[in-house]
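User: I am new to this structure and would like a friendly guide through it. Please begin with the whole protein and then take a close look at one part.

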Amino acid sequence: MTTTTAAAAATAAAALRALHHGPQLPLVLPGPWDAASARVFADAGFAALATPSAGIAAALGYEDGKTPADEMFAAVARIVRAVDIPVSADVEAGYGLSAKELVGRLADAGAVGCNLEDTDHATGSLRDPQEQADWLAEVRAEAGDALVINARIDTYLPGARGTEETVRRGRLYAAAGADCVYPILAPPPLLAELAAGIGIPVNAVVTPDGPSPRELGTLGASRITFGPGLQQRAMAAVAGMAEQLRKELGAEL
């Protein structure tokens with residue numbers, strides 16, 4: 001990365017980081033799954049974007065969590081090139097890369113933020129929180145201020161460990177340099193308690209039957225993302241068009 005490119009990345013990361021603290025909260029980050037969807041969201045006036053690993057996986061023909069790292073970073077790079085606003089990338093648990101390699105791959109793709117989750121995909125269980133915090137600290141040391149780290153906390157996935165464990169992990173991750181924490185699928189009424197207990201912005205995900213982005217903000221979330229939800233809604237619209245086309249063609253099919 002050239003000095004000019006590094007400076008531009010640091011500026012974009014600073015802008016993205018600042019958006020987590022206002023003045024307009026919650027920060028709503030649509031999740032593009034390809035370059036075309038990224039342009040749609042950017043043209044609509046959103047200030048930044050956050051790629052969903054599951055949405056990109058679906059667009060590339062993979063199951064969630066099965067996208068090869070090279071294809072994920074290539075997809076993120078295409079999204080970044082398509083827009084002129086900051087992009088954060090969901091890079092799951094880091095694909096087994098060292099902190100230096102991960103930060104380098106994100107920089108090469110042009111992402112100025114990332115999600116890093118604390119599930120160990122080799123075992124399917126949660127990582128030791130101190131080990132995860134140490135890993136996040138390594139990523140922060142490599143990236144400096146040029147990367148906004150959203151530390152995903154998976155305590156509310158099946159086998160939930162509750163609020164106390166979520167806060168404990170969140171505090172460790174914040175101390176390690178995370179800018180934001182993402183207790184995925186945390187019950188919305190607990191968002192304010194989690195934010196107060198952890199002390200940094202909290203990311204909440206919009207679910208089909210859950211509160212709206214504005215409501216999640218009122219409940220205590222500073223950052224709102226959608227997981228694969230927007231890609232799934234787009235595919236539902238495509239399915240509707242396909243069904244309508246089939247009906248119009250009738251016996252010609």
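How many positive and negative side chains does the protein have, and how far apart do the centres of the two sets lie? After that, please look closely at helix H3 and what covers its buried residues.

Analyst: Happy to help. This is a predicted model, in which local features need pLDDT of at least 70 and side-chain atom pairs count only at pLDDT 80 or more, while totals for chains, interfaces and linings use all residues. Residues are numbered from 1 along each chain as its sequence is written, and side-chain values use heavy atoms, with hydrogens and water left out.

Charges come before the close look. The protein has 19 positive and 30 negative side chains, and the centres of the two sets are 2 Å apart. Here Lys and Arg count as positive and Asp and Glu as negative, with His and the chain ends not counted; each charge is placed at NZ of Lys, CZ of Arg, CG of Asp or CD of Glu.

Next, the overall build. There are 10 helices and 10 strands, which are DSSP runs numbered from the N terminus (helices are H or I with at least four residues, strands are E with at least two). The radius of gyration is 18 Å, close to the 18 Å that the globule rule gives for 253 residues, so the protein is as compact as a globular protein of that length. That radius is taken over C-alpha atoms, and the rule is 2.2 Å times the number of residues to the power 0.38. Along its principal axes, the C-alpha trace spans about 65 × 45 × 40 Å.

Of the 253 residues, 47% are buried (buried means under 20% relative accessible area, exposed over 50%, partly exposed in between, with a 1.4 Å probe and protein chains only). About 12,000 Å² is exposed, and carbon and sulfur atoms supply 55% of that area, as computed by the Shrake-Rupley method with a 1.4 Å probe. Among contacts (heavy atoms within 4.5 Å) between residues at least 6 apart in sequence, 61% join residues at least 24 apart.

Now to H3 itself. Its buried residues are Ser53, Ala54, Gly55, Ile56 and Ala57. The cover over these residues includes H4, strand E3 (87–90) and H10. After H3 comes Gly61, with a positive phi near 90°.

Thr67 sits further along, in the loop between helix H3 (53–60) and H4. Thr67 counts as buried because its relative accessibility is 5%. Leaving out residues up to four places away in sequence, Thr67 touches Ala57, Leu60, Tyr62, Met72 and Tyr95. Ala57, then, is both a buried residue of H3 and a contact of Thr67.

Another of those contacts, Tyr95, has a positive phi of about 60° although it is not a glycine. Tyr95 belongs to the loop between E3 and helix H5 (99–109). With a relative accessible area of 24%, Tyr95 is partly exposed.

The elements that cover H3 have their own parts to play in this picture. H4 (residues 69–82) gives seven residues to the largest nonpolar core, the most of any contributor. A nonpolar core is a set of buried Ala, Val, Leu, Ile, Met, Phe, Trp, Tyr and Cys residues joined through side-chain atoms within 4.5 Å. This core has 56 residues, of which Val91, Leu102, Leu106, Leu116, Leu136 and Val139 touch the most other members. A second, separate core of nine residues includes Ala9, Ala13, Ala50 and Val148.

H10 (residues 229–249) is where Gln232 is found. Gln232 counts as partly exposed because its relative accessibility is 47%. The C-alpha atoms of Gln232 and Gly162 are separated by 29 Å, with the two residues 70 apart along the chain.

One more stop, back at the core. Leu136 touches Leu116, Ile149, Ala151, Tyr173 and Ala176, again without residues up to four places away in sequence. Leu116 and Tyr173 are also among the contacts of Arg152, a residue of strand E7 (residues 148–153). Arg152 counts as buried, at 13% relative accessibility.
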